[in-house]
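Work through the exercises below with the sequence and the model open. Each task is followed by a solution in steps.

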Amino acid sequence: MESEMLQSPLLGLGEEDEADLTDWNLPLAFMKKRHCEKIEGSKSLAQSWRMKDRMKTVSVALVLCLNVGVDPPDVVKTTPCARLECWIDPLSMGPQKALETIGANLQKQYENWQPRARYKQSLDPTVDEVKKLCTSLRRNAKEERVLFHYNGHGVPRPTVNGEIWVFNKNYTQYIPLSIYDLQTWMGSPSIFVYDCSNAGLIVKSFKQFALQREQELEVAAINPNHPLAQMPLPPSMKNCIQLAACEAHELLPMIPDLPADLFTSCLTTPIKIALRWFCMQKCVSLVPGVTLDLIEKIPGRLNDRRTPLGELNWIFTAITDTIAWNVLPRDLFQKLFRQDLLVASLFRNFLLAERVMRSCNCTPVSSPRLPPTYMHAMWQAWDLAVDICLSQLPTIIEEGTAFRHSPFFAEQLTAFQVWLTMGVENRSPPEQLPIVLQVLLSQVHRLRALDLLGRFLDLGPWAVSLALSVGIFPYVLKLLQSSARELRPLLVFIWAKILAVDSELVVALSHLVVQYESNFCTVALQFMEEEKNYPLPSPATTEGGSLTPVRDSPCTPRLRSVSSYGNIRAVTTARSLNKSLQNLSLTEESGSAVAFSPGNLSTSSSASSTLGSPENEEYILSFETIDKMRRVSSYSALNSLIGVSFNSVYTQMWRVLLHLAADPYPDVSDLAMKVLNGIAYKATMNARPQRILTTSSLTQSAPASPTNKGIHIQQAGGSPPTSSASSSSLTNDVAKQPVSRDLPQGRPGTTGPVGVQYTPHSHQFPRTRKMFDKGPDQTTDDPDDAAGHKSFISATTQTGFCDWSVRYFAQPVMKIPEEHDLESQIRKEREWRFLRNARVRKQAQQLIQKGITRLDDQIFLNRNPGVPSVVKFHPFTPCVAVADKDSICFWDWEKGEKLDYFHNGNPRYTRVTAMEYLNGQDCSLLLTATDDGAIRVWKNFADLEKNPEMVTAWQGLSDMLPTTRGAGMVVDWEQETGLLMSSGDVRIVRVWDTDREMKVQDIPTGADSCVTSLSCDSHRSLIVAGLGDGSVRVYDRRMAVSECRVMTYREHTAWVVKACLQKRPEGHIVSVSVNGDVRFFDPRMPESVNVIQIVKGLTALDIHPLASLIACGSMNQFTAIYSGTGDLINNIKYYDGFMGQRVGAISCLAFHPHWPHLAVGSNDHYVSVYSVEKRVR
């Protein structure tokens, strides 16, 4: 029946009923990311954007070989011909003056891109002059880059042998200059610009000579007699950059309307040459009134973005940067466009040179070689921007009308927005990203650009890496100084994304905070404090400087160490112990101190103690142990420790460590044990005898120190250790049992000590020896021993919580969560589960309404691995959980199969006493409670594909002492509010808020006996507790602690087995004692309103929440089912079958929350499930 229902959950459902709607609204406990994910940081991506070898071009050599008035013999010029050199006609003035003017203009053109460089001109030079110039610049530049600009318009073309031409002193001959020699003089790193015909020959020769140099060096390295072997190793020429005007077989263009040095003009005056070239194209006819003379009159300056000329320059920079970023490989882009400002400018302009010169049948060459970019689509955007600008030019100049800014950046932001909005998951990077960064310079578009940039960075770490590779860092770093309030939230978000991916930038940000003290920093800190789910306590909220016990700390295991740190920090601040902390240094000679930091626990101490099985619930150090801490401390820190009181922050820190070491979550306890073992080890090492003094060292006086004597690491009681293992290592008595589906028949015992064990040197001495016996020969520490313990004492203990928290910002946070996406797989699965739940409720209700005459049809029977102590039905799936002493088994009561079996992880002297299903309507979790007060929450149980995994664990009650005759720990769960009520062998009812993961209330029971049963009602805020003395007490958790006990019923005379508060507005309290008297109470009345008598000698009892049924189990080996009026429905004494044996003594039983099913566990290991008759079902 159940399986058919699960296969077709839509059958029989007309519309969602109220219960189904409630499923959607119910909160989920322990289902946040910190519970579902592994607490660890994300894998850091290799960041290639940060240039470790960032360079600067500090020197520029301008070598001009023009020989004005004399054409070279191997070049035949056309008539008319291109004549302008650096926008100057050399024939308009005397040759020498023309040469000097051209040289000065070229220098000015370069200074626009690098004004701080050192410029040297060499006009029509000789070989010696070039050599002197190059060697001088290299000597002054040291390791920085040097630029060599060569204009060879007045000399012959380069030769195939790798030579360029200069002059002799009298200018009567052309003298060859070898590129090999030029490499030697210029050194590396360098950049070469060749503006001459056949310039590609120079690039090829340069590479051949560089390879030749490397081969010569390899030979010299093998042969020590080689001449180069004694010379210093020259730098590799592979890092040199070359820009050539044309290929090896091409001549420079001679178009009269363009300058003769077209390549140089493109590199140094790109806007001017781009506008002139645009006016020469056919499309210029669409812009009437624009001439070559008119474009010379464009108003503005290149560095003023508010003017037409400055805006064109800004657009040109954005477009060329975008083309390079989209076409070039990432590493090449970083090297050419982000390493050196001058190199970046030259290569941006080189892209224009390729476009312009290719239209003149000339192909510029570069080394490293770039992919073709002259046909890129972004050039059309440049043409449009130029077109819009030039169309306004006549009216601006003639009529003085205002300049209308280009819509280029707004349109590119729109294109970027479309990419963000309409793109698919797997898509290529947006080509507008470099333009978005350029827009950050504009106040008009800055807010929109930051918003879009934040949305892009939210796509994931790959998007952050892309943005960093483009060059986002200097932009957003500069914006931190902005006083605009509207930018602050966006900048906080962007920086959070960046720091989450590249944590090394924290250093850069911290320097900025110190330098500028911007208001942004305050806003960012406030923003991060508001985002914290668990703010650390402030000194003002810490009463009396006391530490919050670990038992009241959050349930998230990894967070408990951070929370403990916060408590310690608050106490330290409140007590103004800064000076005391300064007096206690963190060296091995210092006193006891433990330094905490979130996500990082490091120890440095010479104190000693052990963590045994503490007899009291506080686990604090005794005065005797503190005295031992003083005795084993070094002499230099003794005075400091004597002044430390028992209630000081140091002893409280030690107490917190001991609490954490006994934590039920294995990872937390292991971390604390590592710290405690580290303290014990250091105390042992400090107590070892010092090296025997030699004769030469006897003249030096050694201070008297108690560390000369061997010591034992003793327990708090002061008894001597029984073995070296127990006396040299802090061990946890609680064994950590791995989760396993296949456990051996015998229960697992205690494991070995946690961590590494250490034997003090004092154990090598006999108990009785002569007075002057030196003892064992040990003058130095064993190197192997030191190596083995080096990592133990030096490595810090990482929790991973902070790294995991940082990972949140590296993931998309603006994306619609998958559970809210109506078409997602998770949403569909939830819909299916809620429809299944509605079907179960409806069918169960229909079955109960038919009436129940018998409940003895055995639908499941199987032998459990252990004696059942608690049984619990899952509310909506055919699964029943059966707990024995320390393990949990899951059974499918429809198919009769065992689904899972695993160890609960509780110590061997404790037992499971309660279980609850959390989130039963959705993704179920299992909560187990043991009689030592520990609570554990499990997931992935009864899952064939995954192993059971502990979600969280914490000490729900810390005052409990395990006993075989007590009630253990009892709990009750409210799914509607997320509250967990816990009590048992204590004098309080503790209320936990699982959403905030903290204790919210301790309600004193007001009785001297244990609490045996708990029941609560979220609508009335009432808690009903049945106690071992027979009383039933009612508490209203909305009232003050001293007034919350609103009613006490003392009509039972024996142990209350069950107290149940009916969950309806007028619901009564139903309580049953071991004597079999069932009493009904109205919470508003001081006495019972009804009493019925059932069988005596009860061992287990349950009341069905929907049907009027009471089931009770007896030590007399039978189960009785009664109606709500006290009428016996039937007894169950035998198992089904022809030879059905007698049932064992009943140890536990439970009703299904919806179906009229009863699960029964007995001392003979059997678990059975009973239901109504088949004909009724």
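**Exercise 1.** In this predicted model, list which residues tryptophan 382 touches, not counting residues up to four places away in sequence.

Solution. Step 1: leave out the sequence neighbours up to four places away; the contacts of tryptophan 382 then include Ile271, Ala274, Leu312, Ile315, Phe316 and Ile319. Step 2: add Arg355, which tryptophan 382 also touches.

**Exercise 2.** Place tryptophan 382 in a nonpolar core and state how many residues the largest core has.

Solution. Step 1: the largest nonpolar core has 153 residues. Step 2: Trp382 is among those with the most contacts inside this core, together with Phe148, Leu390, Phe456 and Ile472. Step 3: at least three residues of the core come from domain 1 (57–224 + 237–260), and at least three from domain 2 (406–522). Step 4: a second, separate core has 28 residues, including Leu657, Ala672, Ile679 and Phe890. As background, nonpolar side chains tend to be buried together in soluble globular proteins.

**Exercise 3.** Which residue forms a salt bridge with arginine 34, and where in the chain do the partners lie?

Solution. Step 1: the partner is glutamate 997, with the closest N and O atoms 3.2 Å apart. This passes the criterion of within 4 Å. Step 2: arginine 34 is in helix H3 (residues 33–36), while glutamate 997 is in the loop between strand E23 (988–993) and strand E24 (998–1004). Step 3: the two are 963 residues apart, so the pair links distant parts of the chain. Step 4: both arginine 34 and glutamate 997 are buried.

**Exercise 4.** Explain why the pair of aspartate 321 and arginine 338 ties together parts that are apart in sequence.

Solution. Step 1: aspartate 321 and arginine 338 form a salt bridge, their closest N and O atoms being 2.8 Å apart. Step 2: aspartate 321 belongs to helix H11 (residues 308–327) and arginine 338 to the loop between helix H12 (330–337) and helix H13 (341–358), so the bridge ties parts 17 residues apart in sequence. Step 3: aspartate 321 and arginine 338 are both buried.

**Exercise 5.** Is arginine 833 buried or exposed, and what does its salt bridge tie together?

Solution. Step 1: arginine 833 forms a salt bridge with aspartate 922, at 2.8 Å between the closest N and O atoms. Step 2: arginine 833 lies in helix H32 (residues 825–849) and aspartate 922 in the loop between strand E17 (912–918) and strand E18 (925–930), so parts 89 residues apart in sequence are tied together. Step 3: buried means under 20% relative accessible area; arginine 833, at 15%, therefore counts as buried. Step 4: aspartate 922 is buried too, at 5%.

Definitions and conventions
Residues numbered from 1 in each chain as written. Predicted model: local features only at pLDDT ≥ 70, side-chain atom pairs only at ≥ 80, totals over all residues. Heavy atoms only, no water. Salt bridge = Lys/Arg side-chain N within 4 Å of Asp/Glu carboxyl O. Helix = DSSP H or I, 4+ residues; strand = E, 2+ residues; numbered from the N terminus. Buried < 20%, exposed > 50% of the residue type's maximum accessible area, 1.4 Å probe, protein only. Core = buried A, V, L, I, M, F, W, Y, C linked by side-chain atoms within 4.5 Å. Domains from an automatic or database assignment. Contact = heavy atoms within 4.5 Å.
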